[in-house]
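Colleague: Please take a close look at one part of this model, the place where aromatic rings pair, and then set that part in the context of the whole chain.

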Amino acid sequence: MMWHVDEQDLRAYGRGELAPPLLWSADMHLTACADCRARLAELADPAVLDAGWDRLDAELDVPRRGLFEGLLVRLGLADHTARLLAATPVLRGSWLMAVVFVLVMTVLAVHTAGSPRLFLALAPLLPLAGVALSYGPALDPTYEMAVVAPMHGFRLLMIRTVTVLTVVLLLNGLATFALPGYGLMALAWLLPALALTGIGLALTPRLGPVLAPALTGGVWVAVLLAAAVVADGAWRVPFTAGGQGVAAAVAALAAGRLLLARDRFDFASDRSPFSGPRHGSAS
């Protein structure tokens, strides 16, 4: 190294006052010259240097917002709420692609078989599965964040449930457009979907976030299989006007039961349903 930055320029550089082209020259030289870097550290104000390191550490520690999270913040959601929603497992690409794949294959099967049975049986299970996969320490990678989030567990439950239902029901609705030949029959999955999701959530405080939706979905499949065995065309009963009325009533009752049990969805509680049922606990 044939030259070094003089002391006056180093002081100006440390204050951020060195102007180009001397600034560019000093930048290039300091990257290769340890002696000048040491002299710069000696000349710099320790308080300014510490403040600069603090700003750098803070900038490096700030989490980067994704596209979805940034959109939620712009829509007015609080930072912590947007982060918890953006980290919801079922809003990730892998889950969404899986749902799209299942719906596409189901629609193709309906066109092949000439009957909407498979689609009507499967579509109500997707929102139930999506909501179920959004909660609990075994399922949610952001469970620890939810525990310390400054909100009641029931509110977080409702925020995530509405978000998941909106996404999954939208995908189901798009799949319904691929079945125009069945008219309103192709929309008969909607009320059963709301009823199943409501039942699964209402049972969560008692059975836990895994068993409750699994049992609910299992009963739904069992009922449809039993109806198909009893009589040809009996599987249509849940999708008739009477069946839709029953599904609407069940959804309303489940919503009422869920509202009454809202205090049991507090993440900070020792009886949190998201840890699953506990032995000896009163229900």
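## The aromatic cluster and its setting

Modeller: Trp 220, Trp 235 and Phe 239 are linked into a cluster by ring pairs. The model is predicted, and every value below is computed from it. Two aromatic pairs are present in the structure. In one of them, the ring centres of Trp 220 and Phe 239 are 6.0 Å apart and the planes stand at 85°; this angle is over the 60-degree limit, so the pair is classed as edge-to-face. Trp 220 belongs to helix H13 (residues 211-230), whereas Phe 239 sits in the loop between H13 and helix H14 (241-260). With their positions 19 residues apart, the two rings link distant parts of the chain.

Both partners of this pair are covered. Trp 220 has a relative accessibility of 10% and therefore counts as buried, the limit being under 20%. Phe 239, at 6%, is likewise buried because its value falls under that limit.

The wider chain gives this cluster its context. The chain has 14 helices and zero strands, and every element listed from the N terminus on is α. Buried residues make up 38% of the 283 residues. Among contacts between residues at least 6 apart in sequence, 69% join residues at least 24 apart. The chain exposes about 15900 Å², of which carbon and sulfur atoms supply 68%.

Part of that surface is a nonpolar patch. Val 100, Phe 101, Val 104, Met 105 and Leu 108 make this patch, which covers about 450 Å². One of these residues, Val 100, lies in helix H7 (residues 93-113). Val 100 has a relative accessible area of 34% and is therefore partly exposed, in contrast to the buried Trp 220 and the buried Phe 239.

Two cysteines deserve a similar check. A disulfide is a covalent bond between the sulfur atoms of two cysteines. The count of disulfides here is zero. Cys 33 is in no disulfide, and its nearest cysteine sulfur, that of Cys 36, is 3.6 Å away. Because a disulfide requires sulfur atoms within 2.5 Å, a separation of 3.6 Å does not qualify. Cys 36 is in no disulfide either, the sulfur of Cys 33 being the nearest to it. Cys 33 is buried, with a relative accessible area of 4%, and Cys 36 is buried at 0% relative accessibility.

Towards the N terminus, helix H1 holds a charged pair. Side chains of opposite charge can pair when their charged atoms come close. Glu 7 and Arg 11 form a salt bridge, with a distance of 2.9 Å from N to O, and the count of salt bridges is one. Both residues lie in helix H1, four residues apart, which is about one turn of the helix. Glu 7 is partly exposed at 41% relative accessible area, and Arg 11 is partly exposed at 37%.

A backbone feature follows helix H1. Most peptide bonds are trans. The bond from Pro 20 to Pro 21, however, is cis, with omega near 0°. Pro 21 is placed in the loop between helix H1 (7-15) and helix H2 (22-32).

To return to the part requested: the cluster joins Trp 220, Trp 235 and Phe 239 through ring pairs, and the pair of Trp 220 and Phe 239 is edge-to-face.

Technical notes:
Residues numbered from 1 in each chain as written. Predicted model: local features only at pLDDT ≥ 70, side-chain atom pairs only at ≥ 80, totals over all residues. Heavy atoms only, no water. Patch = residues over 30% accessible without salt bridge, like charges linked within 9 Å, V, L, I, M, F, W, Y side chains within 5 Å. Areas by Shrake-Rupley, 256 points an atom, 1.4 Å probe, with all protein chains shown as cover. Salt bridge = Lys/Arg side-chain N within 4 Å of Asp/Glu carboxyl O. Helix = DSSP H or I, 4+ residues; strand = E, 2+ residues; numbered from the N terminus. Buried < 20%, exposed > 50% of the residue type's maximum accessible area, 1.4 Å probe, protein only. Phe/Tyr/Trp six-rings, centres within 6.5 Å; stacked < 30°, edge-to-face > 60°. Contact = heavy atoms within 4.5 Å.
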